[in-house]
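Let us take a friendly look at the pockets of a protein and at the molecules that sit there. Keep the sequence and the 3D view at hand as you read.

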Amino acid sequence: MDKNKLVFSGVQPTGNLHLGNYLGALKNFVTLQKQTKCIYCVVDLHAITVFQDPNELKNNILETTAGFLATGLDSKKSIIFNQSSVSGHAELAWIFNCIARVGWLNRMTQFKDKAGKDKEKASVGLYIYPNLMAADILLYKATHVPVGADQKQHLELCRDIAQKFNTDFKKNIFPIPEPLIQKNISRVMSLRDGTKKMSKSDESGYSRIDLKDSADDIIKKIKKAKSDSSFIPDNLKDLEKKPEALNLISIYSDLLEISLEQVINEVKGKDYSYLKNKLSEVLIEIICPIGKEIKNLLEDKNYLEKVLKEGTEKARILAVDNLKEVRNVVGFI
Ligand code: AMP
Ligand code: TRP
């Protein structure tokens, strides 16, 4: 256990967790839990940057918590809580709103994607969302942040904020956190369009594998997944020209924890239905037990609320201490 390393990450409670969340983030959360102290947060303040139905939000907070536990996070080892229950996140985010520069936020590609054509109608919260994400991490002085590749730019902004704060106040208060991004499959793509990431917000359920999908759902979705009419190439270079096929092979390799080259060796020259059958089998073996456990856990909402409450108490202790130091450095009485 590395005493100097503190891991923090967050997941938005905005709908069903999917295979992208699992391979890009959750699986790594579980590995890190075995090595060091970790804090995993259900980021409900981030969720409301886009309107959420209050009842659905409540359910989604519990469902994301169930997803954390079902993939193997242990609330005795890691701190598991929801963001809005520790007020320090919002308080530090305000201070960071005064540290980050407008020009920095204007470069954020996720805002441009999410706000779409009519930026004037996006919430101000959506625009300053990366400052809140920096506050989440730095409120605990976390040193390492496991995320999917889509969060890399936000992490860079967090590093800039930490650096500017330390420089402005001439004190080494914040560590400069390191992103931990999976090498093999940092971005799981949509099953319908290999150039778009798999996402909770995609209208088509066929674009993603949800962790709660049944074996039948998985078989149907993988069968329908876009691939290619010719045979599977025998080298990575040719495969890279077919993003949907590369995505299926990358998912298969990551689930089995074997290299892309090994998978290509196994499936080269075969047609895609062979790969799809194999992939469905592995997905059913790994994802279905997680889905079942999520459903089991959701039967006992009191238990899930208790997990969050206990996590909140632990998080609050760390947050209060660090925030006291920050407030003093900024000059508040
Ligand atoms: P979100 O659901 O957007 O809060 O994402 C939670 C975590 O899952 C973040 O670390 C994301 O980077 C990661 N993630 C979400 N979608 C994908 C994807 N399609 N591929 C890889 N990682 C993802
Ligand atoms: N922005 C992240 C996402 O959309 C979620 C998030 C919020 C997060 N705060 C964080 C991730 C802090 C890592 C660390 O996926």
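On a 1 Å grid over the protein atoms alone, a pocket is an open set of points where a 1.4 Å probe fits, with protein on both sides within 12 Å along at least five of seven lines, and its lining residues have an atom within 4 Å of a point. Grid points are joined across faces, edges and corners, and a volume is the space filled by probe spheres set on the points.

This is a predicted model, in which local features need pLDDT of at least 70, side-chain atom pairs count only at pLDDT 80 or more, and totals for chains, interfaces and linings use all residues. Residues are numbered from 1 along each chain as its sequence is written, chains are lettered from A and ligands numbered from 1 in the order in which they are written, and side-chain values use heavy atoms, with hydrogens and water left out.

**The second largest pocket**

The second largest pocket holds about 190 Å³ of space. Among its lining residues are Leu45, Ala90, Trp94, Asn97, Ile128 and Tyr129. Helices (H or I, at least four residues) and strands (E, at least two) are DSSP runs, numbered from the N terminus. Helix 4 (88-97) and helix 7 each bring at least two residues to this lining, and helix 7 has the largest share, with five residues.

To sort residues by class, Ala, Val, Leu, Ile, Met, Phe, Trp, Tyr, Cys and Pro count as nonpolar, Asp, Glu, Lys and Arg as charged, and the others, Gly among them, as polar. The lining of the second largest pocket then has eight nonpolar, four polar and no charged residues.

**The largest pocket**

The largest pocket has a volume of about 1300 Å³. Its lining counts 48 residues, and Gln110, Lys114, Asp150, Gln151 and Lys197 lie nearest the centre. Elements that supply at least two lining residues each include strand 1 (6-11), helix 1 (19-33) and helix 7 (124-138). By class, the lining has 18 nonpolar, 21 polar and nine charged residues.

Which pocket does ligand 1 take up? Ligand 1 takes the space of the largest pocket, and the space taken by ligand 2 is the largest pocket too. A molecule sits in a pocket if more than half of its atoms lie within 2 Å of the grid points of that pocket.

**Around the two ligands**

A residue is near a molecule if one of its heavy atoms lies within 4 Å of it. Around ligand 1 there are 17 residues, and Gly148, Asp150, Val188, Met198 and Lys200 come nearest. Helix 1 gives the most to this shell, with four residues. For ligand 2 there are 13 surrounding residues, with Gln12, Tyr129, Met133, Asp136 and Gln151 the closest. Here helix 7 gives the most, again with four residues.

The table lists polar contacts, which are pairs of N or O atoms within 3.5 Å.

| Ligand atom | Protein partner | Distance |
|---|---|---|
| Ligand 1, nitrogen | Gly20, backbone | 3.2 Å |
| Ligand 1, oxygen | Gly148, backbone | 2.8 Å |
| Ligand 2, oxygen | Gln12, side chain | 3.1 Å |
| Ligand 2, oxygen | Tyr129, side chain | 2.7 Å |
| Ligand 2, nitrogen | Gln151, side chain | 3.0 Å |

Of the 370 Å² of accessible area that ligand 2 has on its own, the protein covers 91%. Such areas come from the Shrake-Rupley method with a 1.4 Å probe. Ligand 1 also has a nitrogen atom 2.9 Å from a polar backbone atom of Met198. The protein covers 92% of the 480 Å² that ligand 1 has on its own.

How values were computed:
A polar contact is a pair of N or O atoms within 3.5 Å; within protein, one must be able to donate a hydrogen and the other to accept it, and residues adjacent in sequence count only if both atoms are side-chain atoms.
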